[in-house]
Amino acid sequence: HAREGGARSAQPHRALPRGVAAADRRRSIAVRHVKARHRARRGGSFDDIRDKGSLRDALLHEQRHLCCYCMRRIDEKTMKIEHFVARTKDPTFMYEWHNLLGVCTDGVTHTCDTARGDRDLHVHPAKPPPRPEDAFILEKTGGMRPVGQGAEADCITLNLNADVLVAERRSVVDDLRRKLRRADDIGTLRRLLKTASTPTGNGLPQYSRVAIEYLQRKLRARER
(Lines give C-alpha, C1' and ligand atoms only; values in the text may rest on other atoms or scores of the structure.)
Protein backbone atom coordinates (compact mmCIF):
# COMPACT_ATOMS: atom_id res chain seq x y z
CA HIS A 1 0.00 0.00 0.00
CA ALA A 2 1.50 3.30 -0.84
CA ARG A 3 0.79 6.86 0.04
CA GLU A 4 2.27 9.52 -2.20
CA GLY A 5 5.22 11.45 -0.89
CA GLY A 6 6.69 8.67 1.20
CA ALA A 7 3.85 6.21 1.34
CA ARG A 8 4.41 2.68 0.21
CA SER A 9 2.75 -0.22 -1.48
CA ALA A 10 0.49 -1.54 1.16
CA GLN A 11 -0.35 -5.07 1.90
CA PRO A 12 -0.97 -4.86 -1.01
CA HIS A 13 -2.13 -1.38 -1.89
CA ARG A 14 -3.43 1.76 -0.25
CA ALA A 15 -2.18 4.48 -2.57
CA LEU A 16 -2.98 8.16 -2.66
CA PRO A 17 -3.57 9.51 -6.15
CA ARG A 18 -1.40 12.26 -7.58
CA GLY A 19 -3.80 14.99 -6.50
CA VAL A 20 -3.17 14.64 -2.78
CA ALA A 21 -5.14 17.77 -1.89
CA ALA A 22 -8.08 16.55 -3.95
CA ALA A 23 -7.84 13.15 -2.28
CA ASP A 24 -7.83 14.77 1.16
CA ARG A 25 -10.98 16.70 0.27
CA ARG A 26 -12.61 13.55 -1.08
CA ARG A 27 -11.88 11.63 2.11
CA SER A 28 -12.98 14.48 4.34
CA ILE A 29 -16.28 14.91 2.50
CA ALA A 30 -16.92 11.16 2.53
CA VAL A 31 -16.28 10.77 6.25
CA ARG A 32 -18.28 13.89 7.18
CA HIS A 33 -21.16 12.64 5.07
CA VAL A 34 -21.30 9.26 6.80
CA LYS A 35 -20.86 10.79 10.26
CA ALA A 36 -23.77 13.13 9.55
CA ARG A 37 -25.94 10.21 8.49
CA HIS A 38 -24.94 8.41 11.68
CA ARG A 39 -25.87 11.39 13.89
CA ALA A 40 -29.16 11.80 12.05
CA ARG A 41 -30.04 8.25 13.02
CA ARG A 42 -29.28 9.03 16.68
CA GLY A 43 -26.49 6.52 16.92
CA GLY A 44 -26.97 2.97 15.74
CA SER A 45 -24.31 0.89 14.08
CA PHE A 46 -22.14 1.48 11.02
CA ASP A 47 -24.20 -1.15 9.19
CA ASP A 48 -27.37 0.90 9.70
CA ILE A 49 -26.06 3.57 7.34
CA ARG A 50 -27.03 2.47 3.86
CA ASP A 51 -25.66 5.38 1.87
CA LYS A 52 -21.91 4.77 2.02
CA GLY A 53 -21.31 5.44 -1.67
CA SER A 54 -19.04 8.45 -1.19
CA LEU A 55 -16.96 6.51 1.32
CA ARG A 56 -16.58 3.56 -1.06
CA ASP A 57 -15.66 5.88 -3.93
CA ALA A 58 -12.96 7.57 -1.85
CA LEU A 59 -11.49 4.24 -0.75
CA LEU A 60 -11.53 2.84 -4.29
CA HIS A 61 -9.81 5.94 -5.61
CA GLU A 62 -7.13 5.91 -2.94
CA GLN A 63 -6.48 2.17 -3.20
CA ARG A 64 -6.48 2.18 -7.01
CA HIS A 65 -9.35 -0.33 -7.08
CA LEU A 66 -7.33 -3.05 -5.30
CA CYS A 67 -8.27 -4.98 -2.18
CA CYS A 68 -5.95 -3.69 0.54
CA TYR A 69 -5.10 -7.23 1.64
CA CYS A 70 -4.97 -9.63 -1.32
CA MET A 71 -4.52 -7.17 -4.26
CA ARG A 72 -7.47 -8.47 -6.24
CA ARG A 73 -9.46 -5.92 -8.23
CA ILE A 74 -12.48 -4.44 -6.48
CA ASP A 75 -15.23 -2.05 -7.49
CA GLU A 76 -18.31 -0.60 -5.84
CA LYS A 77 -20.16 -3.92 -6.32
CA THR A 78 -17.38 -6.26 -5.21
CA MET A 79 -16.03 -4.43 -2.16
CA LYS A 80 -16.97 -3.78 1.41
CA ILE A 81 -15.66 -1.36 4.00
CA GLU A 82 -13.36 -2.99 6.51
CA HIS A 83 -12.35 -1.66 9.93
CA PHE A 84 -8.70 -2.42 10.68
CA VAL A 85 -9.47 -2.18 14.39
CA ALA A 86 -12.68 -4.17 14.57
CA ARG A 87 -15.74 -2.27 15.73
CA THR A 88 -16.38 -5.00 18.30
CA LYS A 89 -12.96 -4.29 19.80
CA ASP A 90 -12.99 -0.48 19.83
CA PRO A 91 -15.93 1.43 18.29
CA THR A 92 -14.22 4.81 18.86
CA PHE A 93 -12.23 4.22 15.65
CA MET A 94 -15.37 3.54 13.62
CA TYR A 95 -15.07 6.69 11.47
CA GLU A 96 -11.32 7.31 11.60
CA TRP A 97 -10.05 7.34 8.01
CA HIS A 98 -6.91 5.35 8.79
CA ASN A 99 -9.15 2.62 10.20
CA LEU A 100 -11.30 2.32 7.06
CA LEU A 101 -10.13 0.05 4.24
CA GLY A 102 -11.63 -1.25 1.01
CA VAL A 103 -11.59 -5.05 0.82
CA CYS A 104 -12.93 -7.76 -1.46
CA THR A 105 -16.14 -9.59 -0.66
CA ASP A 106 -14.91 -13.04 -1.64
CA GLY A 107 -16.83 -15.59 0.38
CA VAL A 108 -15.89 -18.49 -1.89
CA THR A 109 -12.16 -18.74 -1.21
CA HIS A 110 -12.60 -17.46 2.35
CA THR A 111 -9.81 -14.90 2.37
CA CYS A 112 -9.23 -11.35 3.62
CA ASP A 113 -12.00 -9.87 5.79
CA THR A 114 -14.23 -12.92 5.21
CA ALA A 115 -11.57 -15.13 6.79
CA ARG A 116 -10.63 -12.61 9.46
CA GLY A 117 -13.89 -12.01 11.27
CA ASP A 118 -12.98 -9.63 14.10
CA ARG A 119 -9.57 -11.07 14.95
CA ASP A 120 -6.76 -8.60 15.57
CA LEU A 121 -4.34 -7.59 12.81
CA HIS A 122 -0.79 -6.30 13.23
CA VAL A 123 0.49 -4.89 9.92
CA HIS A 124 -1.57 -1.91 8.77
CA PRO A 125 -1.81 -1.62 4.97
CA ALA A 126 -1.35 2.16 5.04
CA LYS A 127 0.39 3.04 8.31
CA PRO A 128 3.99 1.84 8.49
CA PRO A 129 6.09 0.80 10.26
CA PRO A 130 6.47 -1.91 9.34
CA ARG A 131 6.16 -1.36 5.62
CA PRO A 132 3.91 -4.09 4.26
CA GLU A 133 6.32 -4.82 1.40
CA ASP A 134 8.98 -5.56 4.05
CA ALA A 135 6.61 -7.65 6.18
CA PHE A 136 5.21 -9.72 3.30
CA ILE A 137 7.73 -11.00 0.75
CA LEU A 138 6.20 -12.03 -2.57
CA GLU A 139 7.88 -15.11 -4.01
CA LYS A 140 8.11 -16.15 -7.66
CA THR A 141 6.07 -19.24 -6.84
CA GLY A 142 3.13 -16.99 -5.92
CA GLY A 143 3.51 -17.57 -2.21
CA MET A 144 3.61 -14.78 0.33
CA ARG A 145 6.34 -15.19 2.96
CA PRO A 146 5.64 -13.25 6.16
CA VAL A 147 8.54 -11.70 8.07
CA GLY A 148 8.02 -11.48 11.82
CA GLN A 149 5.39 -12.82 14.18
CA GLY A 150 2.83 -10.09 13.46
CA ALA A 151 2.99 -10.60 9.70
CA GLU A 152 2.88 -14.37 10.15
CA ALA A 153 -0.25 -14.09 12.27
CA ASP A 154 -1.88 -11.74 9.73
CA CYS A 155 -1.03 -14.07 6.84
CA ILE A 156 -2.91 -16.86 8.61
CA THR A 157 -5.77 -14.66 9.79
CA LEU A 158 -6.41 -13.29 6.27
CA ASN A 159 -5.62 -16.61 4.55
CA LEU A 160 -3.25 -14.80 2.16
CA ASN A 161 -1.68 -18.06 1.02
CA ALA A 162 -4.95 -19.63 -0.03
CA ASP A 163 -4.41 -21.88 -3.05
CA VAL A 164 -6.37 -19.60 -5.37
CA LEU A 165 -4.36 -16.50 -4.38
CA VAL A 166 -1.04 -18.31 -4.78
CA ALA A 167 -2.10 -19.59 -8.22
CA GLU A 168 -3.30 -16.18 -9.39
CA ARG A 169 -0.15 -14.42 -8.18
CA ARG A 170 2.00 -17.07 -9.85
CA SER A 171 0.10 -16.58 -13.10
CA VAL A 172 1.21 -12.91 -13.11
CA VAL A 173 4.86 -14.00 -12.93
CA ASP A 174 4.31 -16.70 -15.56
CA ASP A 175 2.76 -14.15 -17.93
CA LEU A 176 5.74 -11.82 -17.48
CA ARG A 177 8.15 -14.67 -18.13
CA ARG A 178 6.39 -15.45 -21.40
CA LYS A 179 6.66 -11.81 -22.48
CA LEU A 180 10.32 -11.63 -21.50
CA ARG A 181 11.14 -14.74 -23.52
CA ARG A 182 10.32 -12.70 -26.60
CA ALA A 183 12.37 -9.68 -25.47
CA ASP A 184 14.15 -9.28 -22.16
CA ASP A 185 16.22 -6.14 -22.68
CA ILE A 186 16.27 -3.33 -20.11
CA GLY A 187 13.92 -1.23 -22.25
CA THR A 188 11.30 -3.99 -22.21
CA LEU A 189 11.66 -4.45 -18.46
CA ARG A 190 11.16 -0.74 -17.87
CA ARG A 191 8.15 -0.62 -20.18
CA LEU A 192 6.49 -3.56 -18.39
CA LEU A 193 7.29 -1.99 -15.02
CA LYS A 194 5.70 1.28 -16.07
CA THR A 195 2.55 -0.56 -17.20
CA ALA A 196 2.33 -2.42 -13.89
CA SER A 197 2.86 0.65 -11.73
CA THR A 198 0.97 3.37 -13.61
CA PRO A 199 -2.72 3.73 -12.70
CA THR A 200 -5.22 4.21 -15.49
CA GLY A 201 -8.61 5.80 -15.06
CA ASN A 202 -9.73 2.48 -13.64
CA GLY A 203 -6.91 1.95 -11.15
CA LEU A 204 -4.02 -0.51 -11.15
CA PRO A 205 -3.87 -4.01 -12.63
CA GLN A 206 -4.78 -6.89 -10.35
CA TYR A 207 -1.80 -8.08 -8.26
CA SER A 208 0.25 -5.14 -9.56
CA ARG A 209 2.69 -5.40 -6.68
CA VAL A 210 3.62 -8.95 -7.78
CA ALA A 211 4.60 -7.66 -11.22
CA ILE A 212 6.34 -4.57 -9.81
CA GLU A 213 8.54 -6.51 -7.40
CA TYR A 214 9.41 -9.20 -9.96
CA LEU A 215 10.39 -6.63 -12.59
CA GLN A 216 12.32 -4.49 -10.12
CA ARG A 217 14.40 -7.51 -9.12
CA LYS A 218 15.11 -8.24 -12.78
CA LEU A 219 16.15 -4.65 -13.41
CA ARG A 220 18.44 -4.51 -10.39
CA ALA A 221 20.17 -7.68 -11.55
CA ARG A 222 20.64 -6.28 -15.08
CA GLU A 223 21.89 -2.88 -13.96
CA ARG A 224 24.61 -4.14 -11.65
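**View 1. Helices α6 and α7 cross in this predicted model.** Here we look at helix α6, residues 163-182, together with helix α7, residues 186-197. Their axes come within 10 Å and cross at roughly 150°. The crossing of the pair is right-handed. On the α6 side, the contact is made by L176, K179 and L180, while T188, L189 and L192 take part from α7. Sorted by class, the contact of α6 with α7 has 4 nonpolar residues, 1 polar and 1 charged.

**View 2. Helix α6 also packs with helix α8.** The partner in this close-up is α8, which covers residues 208-223. The two axes lie 9 Å apart, and the packing angle is about 45°. Angles from 65 to 115 degrees count as roughly perpendicular and those under 35 as roughly parallel, so α6 is oblique to α8. The crossing of α6 and α8 is right-handed. From α6, the contact draws on R169, V172, V173, L176, R177 and L180. From α8, V210, A211, Y214 and L215 join in. The residues of this contact of α6 with α8 divide into 8 nonpolar, no polar and 2 charged. Do look out for L176 and L180 in both views: they belong to the contact of α6 with α7 and also to the contact of α6 with α8.

**View 3. H65 is a buried residue in a loop.** This histidine sits in the loop between α2 (53-62) and β1 (79-83). Its relative accessible area is 15%, and because buried means under 20%, H65 counts as buried. Setting aside neighbours within four places in sequence, H65 is in contact with L60, R72, R73, I74 and D75. N202 and G203 are also among the residues that H65 contacts.

**View 4. M71 combines a positive phi with a buried position.** Like H65, which lies in the loop between α2 and β1, M71 has its place in that loop. Although M71 is not a glycine, its phi is positive, at about 80°. The relative accessibility of M71 is 0%, so this residue counts as buried.

**View 5. D113 is a buried residue in helix α3.** Helix α3 spans residues 112-116, and D113 lies in it. With a relative accessibility of 13%, D113 counts as buried. Which residues does D113 touch, not counting those up to four places away in sequence? They are Y69, K80, E82, V103 and L158.

**View 6. Cis peptide bonds link P128 to P129 and P129 to P130.** Take a moment over the backbone here. The bond that joins P128 and P129 is cis, with omega about 5°. From P129 to P130 the peptide bond is cis too, and omega is near -5°. P129 is placed in the loop between α3 and α4 (132-135), and P130 is also in the loop between α3 and α4.

**View 7. N159 has a positive phi and is partly exposed.** N159 is found in the loop between α5 (149-157) and α6. Its phi is near 55°, a positive value in a residue other than glycine. At 27% relative accessibility, N159 counts as partly exposed, because that class runs between the 20% limit for buried and the 50% limit for exposed.

Conventions. Residues are numbered from 1 along each chain as its sequence is written. This is a predicted model: local features need pLDDT of at least 70, side-chain atom pairs count only at pLDDT 80 or more; totals for chains, interfaces and linings use all residues. Side-chain values use heavy atoms; hydrogens and water are left out. Axes are lines fitted to C-alpha atoms, for helices over the stretch in contact, and angles run from 0 to 180 degrees between N-to-C directions. Helices (H or I, at least four residues) and strands (E, at least two) are DSSP runs, numbered from the N terminus. A crossing is left-handed if the near helix is turned anticlockwise from the far one by less than a right angle, and right-handed if clockwise. Contact means heavy atoms within 4.5 Å. Ala, Val, Leu, Ile, Met, Phe, Trp, Tyr, Cys and Pro count as nonpolar, Asp, Glu, Lys and Arg as charged, and the others, Gly among them, as polar. Angles under 35 degrees count as roughly parallel, over 145 as roughly antiparallel, 65 to 115 as roughly perpendicular and the rest as oblique. Buried means under 20% relative accessible area, exposed over 50%, partly exposed in between (1.4 Å probe, protein chains only).
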